[in-house]
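Here is a short note for someone opening this structure for the first time. Please read it with the model on screen.

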Amino acid sequence: MLTGKHLIAGRWNDGSGTFRSDTITGDDRTFSAGSVELVHEAITAADEAFPVYSALSRGTRAGFLRTIAEEIDAIGSQITAIGSAETGLPPARLEGERSRTTGQLRLFADHIADGLYLDRRHDIALPDRKPVPRPDIRLMQRPLGPVAVFGASNFPLAFSTAGGDTAAALAAGCPVVVKGHSAHPGTGELVAQAIEKAIGRCGMPLGVFSLIQGGNRAVGHALVQHPSIKAVGFTGSLAGGRSLFDLAMARPEPIPFFGELGSINPMFVLPSAAKARAADIGRGWAGSLSQGVGQFCTNPGVAIVVAGTDAGSFVKAAAEELQKISPAPMLTASIARSYRDGTAALETAEGVTKEMGQISPDRAAAPYLFRTKARNWLANPTLHSEVFGPSGIIVEASDVRDLLEVARSFEGQLTFTVHLDDDDCGVARELLLIAERKAGRILCNGYPTGVEICDAMVHGGPYPASTNFGATSVGTMSIRRFLRPVSYQNVPESLLPDDLR
Ligand code: NAP
């Protein structure tokens, strides 16, 4: 049962004013809007909880993460029903996303259990060293303090209330205050109820988790600016992320802001691969591009091919595949509006041809496919902007030199994809050197949607793909965002943290 309220350190509170959810099916509901007072209350409780929570054993924290996963699974069907109504995502997608979310919580539980993430180091004392003796020095990663998390619109579970940022921060030993996304407040509340139950079952300090619903921009500002918040996890738009990043940097005490922003994820089809299977790659690209109505940050929005017969087969196969896809609802009315504006801008851009696509009504979107020449792409940086949705543009290079020049034109990206065969290895070597400087993840002969949650994953990339300088927001390494190294020099054994003794 939904309360329509905010969970602040174990109590369900009202904020100031209300907002309505905008459901695709069923009735809209009224939710209490967040307030600055609630932000302060939640963060004060998180600050009080920090010394208690961060001092718990890793095993106890792991048990808490596993209990959250159990409680989410226990109300899985309710979460799917409300999630699907609020976001328009099909039930099967939400079921999959829930198992990704609970799998992520369990993965972090296992990850902290072995303690390797602490990166413990020990330089033993050398009292007889000349000319100066060396002291005993030990190092270990310690949690930062309370963390603010901004839930994503496009992953109502896996990147929201109990999503990757929350799981990583709780695993690290940091209390979390979530700013729920106003696109799915009911889903967020149900997940918060599951976390509340886990807090009760595990005897955690109540301030370890709070959820403040959206509906008021002042909430986000107050969260980022509060002196007790020590890091921020964010997934969303470049404009929103950048403005909150700037606020975090302008604080008297700047803090790390881990923003996962936009990306157009270029996909390069090299000549031998195109000769062998242009149509197959075209179909695969169309599938990846339109999956989930194109609402993935890893959506491969740009394909680069070398002009000729194989490029023609690629375009034809992609267009035929996209024609089969019916309009489907987007996550929010404003995302649908942005998609209409973005595709309209491409439709009228100089040197760009529309291969297929048409405007859809209301909150729905259907695929669009555009085509342009490499020279035009290079001359028009406005073509490089993300169009969030199932829209793709094919850039035709005149030869591989031209293709490499297009590769150099990209800003920071989450992913770079290369389709290649053995005979493409010469140019691929050059392309990968460019890719390493531009992207967080490089893939060969695949498609970038579908991000594996594992130890070796990087989901981040140079700005503007993210503000995660040197970090990832997916995979076990994402815990490092909420830790910092501390050295202990000649500290008596009895005073060291348990994990360092
Ligand atoms: P968004 O507008 O950036 O919102 C994300 C979160 O940040 C929301 O909680 C929002 O609060 C808050 N926020 C945004 N701007 C703010 C500001 N200036 N001050 C305070 N809080 C602010 O992103 P979105 O709603 O998810 O989607 C819009 C666009 O983001 C899409 O069209 C797409 O381009 C991009 N997007 C990218 C990704 C990705 O993974 N890279 C994912 C989803 C969306 P409110 O609830 O008050 O709006």
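1. Domain bounds here come from an automatic or database domain assignment. Domain 1 covers 6-261 + 466-500 and domain 2 covers 267-444. Both give residues to the shell around the ligand, so the ligand lies between them.

2. A word on the basis. This is a predicted model, in which local features need pLDDT of at least 70, side-chain atom pairs count only at pLDDT 80 or more, and totals for chains, interfaces and linings use all residues. Residues are numbered from 1 along each chain as its sequence is written, and side-chain values use heavy atoms, with hydrogens and water left out.

3. Look at the shell. The ligand is surrounded by 22 residues (each with a heavy atom within 4 Å of it). The closest are S153, K179, S182, S237 and L261. By type, the shell holds 7 nonpolar, 11 polar and 4 charged residues. Here Ala, Val, Leu, Ile, Met, Phe, Trp, Tyr, Cys and Pro count as nonpolar, Asp, Glu, Lys and Arg as charged, and the others, Gly among them, as polar.

4. Which elements supply at least two residues of the shell each? They are α7 (217-225), β10 (231-235) and α8 (238-250). The most comes from α8, with 3 residues. Helices (H or I, at least four residues) and strands (E, at least two) are DSSP runs, numbered from the N terminus.

5. Now the side chains that meet ligand oxygen. A polar side-chain atom of K179 lies 2.7 Å from an oxygen atom of the ligand. For H181, a side-chain N or O atom is 2.8 Å from a ligand oxygen. R217 also places a polar side-chain atom 2.8 Å from an oxygen atom of the ligand. The protein buries 87% of the 870 Å² that the ligand exposes when taken alone (Shrake-Rupley method, 1.4 Å probe).

6. Check the backbone too. Most residues other than glycine have a negative phi, and most peptide bonds are trans. The bond from K130 to P131 is cis, with omega near 5°. P131 sits in the loop between β5 (121-123) and β6 (137-143). Y463 and P464 are also joined by a cis peptide bond, with omega about 10°. D362 is not glycine, yet its phi is positive, near 50°.

Conventions
A polar contact is a pair of N or O atoms within 3.5 Å; within protein, one must be able to donate a hydrogen and the other to accept it, and residues adjacent in sequence count only if both atoms are side-chain atoms.
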